[in-house]
Amino acid sequence: MTLQDRDLERALARLADDVVLTATDVDTAFTEFADRSTVAAQRRRTQRLAAACAAAVLLLGGAAAYWAGAGRTMDRLQPATPTVTQPSVISAADMVGVWTGMGLWTFYADGSGGYSNNADTLETPFYYTLKGAKLGVHDGSGCDFSFRLTSYREGKLTGDVLDFCGNNAPPVSLVRLSPASPAGTEIPMFSMAGSTPVRRVAQVGGVWLMPGTGMLLAIDASDPSRVTYALDDQGNLAKSPRDAGAVTVSSDGTVTLTSSQAPTFGCSAPEGPRTVLRDVRVVAAQSLEASGGVTSTCAWATVPAGWVMVSDR
């Protein structure tokens, strides 16, 4: 202890000896002490409460920010709204067959097909897809066709053209000829007024429909030295017709269809199965009729006297 410390200690002792405390003084001092302690305690509680509130605010704010961010993340992670595909107006099975309306279009079950304006019905081959109400076609020449189908009823198919090999086109209306459909069988036999007798094979070239049925007769006269025919009613005219063979035309207007197939079971035909149409007359690009009648020998398909043209040449 230094000299200054001793002097300070003696001074404080003398001061304490001079101070006289009564009981009242002690009570007053204690009361003041208690009051100050209470105020201090309240202040500390208030400070702790304020700190707790601030922490709660920070916690809630952080939580809100987290959930807002999580919401945005969830929004980003939500799967894309699926594209609604319009239901198809026609089944894949009903699509198969030979149709008219844009020339002749043939659709097979395996997605292949072809179109033409003549007896070679697969002249331009294609592949097609049917997805919902959309029909897409890609042909052998590189052209693409796209249609939005709008209705199908009893063999009649309508649609809007979205792309026609890079061009615009009006809405289409197709009728299935083979296999037979109600719309196809309503095609009537046209009048033979103004008909001319057949003398050349080119006069009967084209694709003909037996009215009231799905039977098609395609006569390919593109090579006069080798004229052929195909006969079918199941939509297989180009690939696997019911009957096929050679065509000849005589000067008296007789048209003979000689089958390349064997005779039907139990039938004898020394010259081969054949159908003979006599005194055939034709209205160009419209109708054909064998006014002299039809004779069939061991033929695989029935050939009537009258036919309606659905595709020329």
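Which residue of S13 does Ala230 stand opposite? In this predicted model, Ala230 stands opposite Ala244 in S13. The two strands involved, S12 and strand S13 (residues 243-249), run antiparallel and are joined by four bridges. S12 also pairs with S11. Five bridges join these two strands, again in the antiparallel sense. Here Asp220 stands opposite Thr228 in S12. Strand S12 is mostly covered, with four of its five residues buried.

Ala218 belongs to strand S11. Its relative accessible area is 6%, so Ala218 counts as buried, the limit for that class being under 20%. Ala218 also comes close to Val207 in the fold. Eleven residues separate Ala218 from Val207 in sequence, and their C-alpha atoms are 4.3 Å apart in space.

Residues of S11 and S12 appear again in the largest pocket. This pocket holds about 190 Å³ of space. Its lining consists of Ala119, Asp120, Thr121, Ala218, Ile219, Asp220, Thr228, Tyr229, Ala230, Leu237 and Ala238. S11 and strand S12 (228-232) each supply at least two of the lining residues. Both domains take part. Domain 1 (92-186) and domain 2 (196-312) each give at least three residues to the lining of the largest pocket. By class, the lining of this pocket divides into seven nonpolar, two polar and two charged residues.

Further pairing was found among the later strands. S14 and strand S15 (residues 274-277) pair in the antiparallel sense over four bridges. Within this pair, Thr256 has Val276 in S15 as its bridge partner. S15 pairs in turn with strand S18 (residues 294-297), also antiparallel and over four bridges. Leu277 stands opposite Val294 in S18.

Leu277 also lines an enclosed space, the second largest cavity. That cavity has a volume of about 50 Å³. The other residues in its lining are Val204, Leu217, Ile219, Val255, Leu257, Val280 and Leu288. Strand S11 (216-220) and strand S14 (255-259) are the elements that give two or more residues to this lining. The lining of the second largest cavity has eight nonpolar residues, with no polar and no charged ones. Ile219 is thus named in two linings, that of the second largest cavity and that of the largest pocket.

The count of cavities of 30 Å³ or more comes to two. The largest has a volume of about 60 Å³. It is lined by Met102, Trp105, Phe107, Leu135, Phe147, Leu149, Leu157, Thr158, Gly159, Val172 and Leu174. Four elements, strand S2 (104-107), strand S6 (144-153), strand S7 (156-164) and strand S8 (172-178), give two or more residues to this lining. The largest share, three residues, comes from S7. Nine residues in the lining of the largest cavity are nonpolar, two are polar and none is charged.

S2, S6, S7 and S8 are also members of a barrel. Eight strands close this barrel, in the order S1-S2-S3-S4-S5-S6-S7-S8, with antiparallel pairing. From one strand to the next, the twist averages 35°. One of the pairs is formed by strand S5 (residues 134-139) and S6, which run antiparallel and are joined by five bridges. In this pair, His138 stands opposite Asp144 in S6.

Several loops carry backbone features of note. Between S6 and S7, the loop contains Glu154. Phi of Glu154 is near 50°, a positive value in a residue other than glycine. Glu154 has a relative accessibility of 46% and therefore counts as partly exposed. Ala285 lies in the loop between strand S16 (280-283) and strand S17 (287-290). Its phi is also positive, at about 60°, although Ala285 is not a glycine. Ala285 is exposed because its relative accessible area is 61%, and the exposed class begins over 50%. A third loop holds a cis peptide bond. The bond from Ser178 to Pro179 is cis, with omega near 0°. Pro179 lies in the loop between S8 and helix H4 (182-185).

Technical notes. Residues are numbered from 1 along each chain as its sequence is written. This is a predicted model: local features need pLDDT of at least 70, side-chain atom pairs count only at pLDDT 80 or more; totals for chains, interfaces and linings use all residues. Side-chain values use heavy atoms; hydrogens and water are left out. On a 1 Å grid over the protein atoms alone, a cavity is a set of points where a 1.4 Å probe fits but cannot get out, and a pocket is an open set with protein on both sides within 12 Å along at least five of seven lines; lining residues have an atom within 4 Å of a point. Grid points are joined across faces, edges and corners, and a volume is the space filled by probe spheres set on the points. Ala, Val, Leu, Ile, Met, Phe, Trp, Tyr, Cys and Pro count as nonpolar, Asp, Glu, Lys and Arg as charged, and the others, Gly among them, as polar. Two strands pair if DSSP finds at least two bridges between them. Axes are lines fitted to C-alpha atoms, for helices over the stretch in contact, and angles run from 0 to 180 degrees between N-to-C directions. Domain bounds come from an automatic or database domain assignment. Buried means under 20% relative accessible area, exposed over 50%, partly exposed in between (1.4 Å probe, protein chains only).
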